[in-house]
Amino acid sequence: MTLQIQGLHHVTAIASSPQANSDFFTRTLGLRRVKKTVNFDDPGTYHLYYGDEQGTPGSVMTYFPFRNIGQGRPGIGEVGETAFSVPKGTLAFWKDRLLAQNVQGLVETETFGEKRLRFLGPDGDGLALTEVDGDLRKSWTGRVAEAEAVRGFRGATLRLRDEGATGELLRFMGYDRIGTDDGVTRYGIQGNGADIVDIETLPGAEHAEQGAGSVHHIAFAVPDRAAQAEVRKALIDTGYQVTPPIDRDYFWAIYFRTPGGVLFEVATDEPGFDRDEPLAQLGQSLKLPTQHEHLRPRIEAHLSPIKD
Ligand code: ZN
């Protein structure tokens, strides 16, 4: 049986300031904020989603901005870097843009024949833009023109003590081991465009400590709940402990911890971000899940408004 994993669905990380986070992803990187809601398990905290026009799976970076949270400490057992795809020949544009906006930590590299501009987000988040030839996904062009705009994710880099069991898991999920370059092993899948998972091995490094700037979990895309149920059964049969499907309003999610310590999620492409507001207005007003709607006055009084 082939599992219907289609690349990444979203990456969820932790921020300190919701305003700085929203400004960075919308103004600096030019993504669209496609949902302003709350952490379903902690409704006093925002959950902000950024992506293309519709929040297409494979384009969606999400954040929990926790007030007063300390800075995360990079290490093993986490997603170390999240990379976005930009058109070939645009990194010079992006370097100028990021420098002009005082973005820190810019480093240009080249791995697996792709030019990459690494930089830090507002909380020290490990981010990158990668030039990809022929990425035909449609961009959101709110603040950056189509010729240069982010297409969605290219992929993510897991930082691990060793490749072993996590590499095996990725192959089980349908990824091919593409090769190794400069200490990084690349896995790829023919999916939605967010097709790459790199593993960087750091045998002597300490475990990451989660905080602002850390990735909380990484989600892989499946088309629907039937495909998700197949993945869940296959993982359980292999010995993984997997949560039951959880309704996240915009997708259904299952979660499991990988051997290398990274929290994986498998999320459905349906129903999508326009299920509770029109496409033209995505991300503007505060949307609450039904179970928290009765708390709206308290939640709104607690959350600081975000200026666009
Ligand atoms: Zn998630």
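Rings of Phe, Tyr and Trp, the last taken by its six-membered ring, are counted as a pair if their centres lie within 6.5 Å. The views below are taken from a predicted model.

**View 1. A cluster of aromatic rings that includes Tyr50.** Ring pairs join Phe24, Phe25, Tyr50, Tyr63 and Phe119 into a cluster, and the structure as a whole holds 14 aromatic pairs. One residue of this cluster, Tyr50, returns in the view of arginine 33, where Tyr50 is among the contacts of that arginine.

**View 2. Two further phenylalanine pairs, one tilted and one edge-to-face.** The rings of phenylalanine 64 and phenylalanine 66 have their centres 6.1 Å apart, and because their planes meet at 45° the pair counts as tilted. Phenylalanine 64 is buried, with a relative accessible area of 9%, whereas phenylalanine 66, at 23%, is partly exposed. Phenylalanine 256 and phenylalanine 264 form an edge-to-face pair, with 5.8 Å from centre to centre and 75° between the planes, and both phenylalanine 256 and phenylalanine 264 are buried.

**View 3. The zinc ion and its protein donors.** The zinc ion has as its protein donors His10 and His217, each through NE2, together with Glu265 through OE, and these lie 1.9 to 2.0 Å from the ion. Along the sequence the donor residues follow the spacing H-x206-H-x47-E. Histidine 10 belongs to strand 1 (residues 8-15) and glutamate 265 to strand 16 (residues 263-271), so the pair ties together parts that are 255 residues apart in sequence. Histidine 10 and glutamate 265 are both buried.

**View 4. Arginine 33, a buried residue of strand 2.** Arginine 33 lies in strand 2, which covers residues 32-39, and this arginine counts as buried because its relative accessibility is 6%. Its side chain makes a polar contact of 2.8 Å with the side chain of aspartate 308, and another polar contact, of 3.0 Å, joins the side chain of arginine 33 to that of serine 22. When neighbours within four places in sequence are left aside, the residues in contact with arginine 33 include Thr26, Leu48, Tyr49, Leu282, Gly283, Gln284 and Ile306.

**View 5. Two arginines placed over tryptophan rings.** The charged end of arginine 32 sits over the ring of tryptophan 140, at 4.6 Å from the centre of that ring. Arginine 225 lies over the face of tryptophan 252, where the distance to the ring centre is 3.4 Å.

**View 6. Backbone geometry at proline 271, asparagine 68 and aspartate 249.** Most residues other than glycine have a negative phi, and most peptide bonds are trans. The peptide bond that runs from glutamate 270 to proline 271 is cis, with omega near 0°, and proline 271 has its place in strand 16. Asparagine 68 has a positive phi, near 60°, and is found in the loop between strand 4 (60-65) and strand 5 (78-87). Aspartate 249 likewise has a positive phi, near 70°, and is found in the loop between strand 14 (246-247) and strand 15 (251-257). Asparagine 68 counts as exposed because its relative accessibility is 79%, whereas aspartate 249, at 10% relative accessibility, counts as buried.

Terms used:
Residues are numbered from 1 along each chain as its sequence is written. This is a predicted model: local features need pLDDT of at least 70, side-chain atom pairs count only at pLDDT 80 or more; totals for chains, interfaces and linings use all residues. Side-chain values use heavy atoms; hydrogens and water are left out. Helices (H or I, at least four residues) and strands (E, at least two) are DSSP runs, numbered from the N terminus. Buried means under 20% relative accessible area, exposed over 50%, partly exposed in between (1.4 Å probe, protein chains only). A polar contact is a pair of N or O atoms within 3.5 Å; within protein, one must be able to donate a hydrogen and the other to accept it, and residues adjacent in sequence count only if both atoms are side-chain atoms. Contact means heavy atoms within 4.5 Å. Donors are N, O and S atoms within 2.8 Å of the metal (3.2 Å for Na, K and Ca); water is not among the atoms, so sites may look incomplete. Rings of Phe, Tyr and Trp (its six-membered ring) pair if their centres lie within 6.5 Å; planes under 30 degrees apart count as stacked, over 60 as edge-to-face and the rest as tilted. A charge sits over a ring if NZ of Lys or CZ of Arg is within 6 Å of the ring centre and within 35 degrees of the ring normal.
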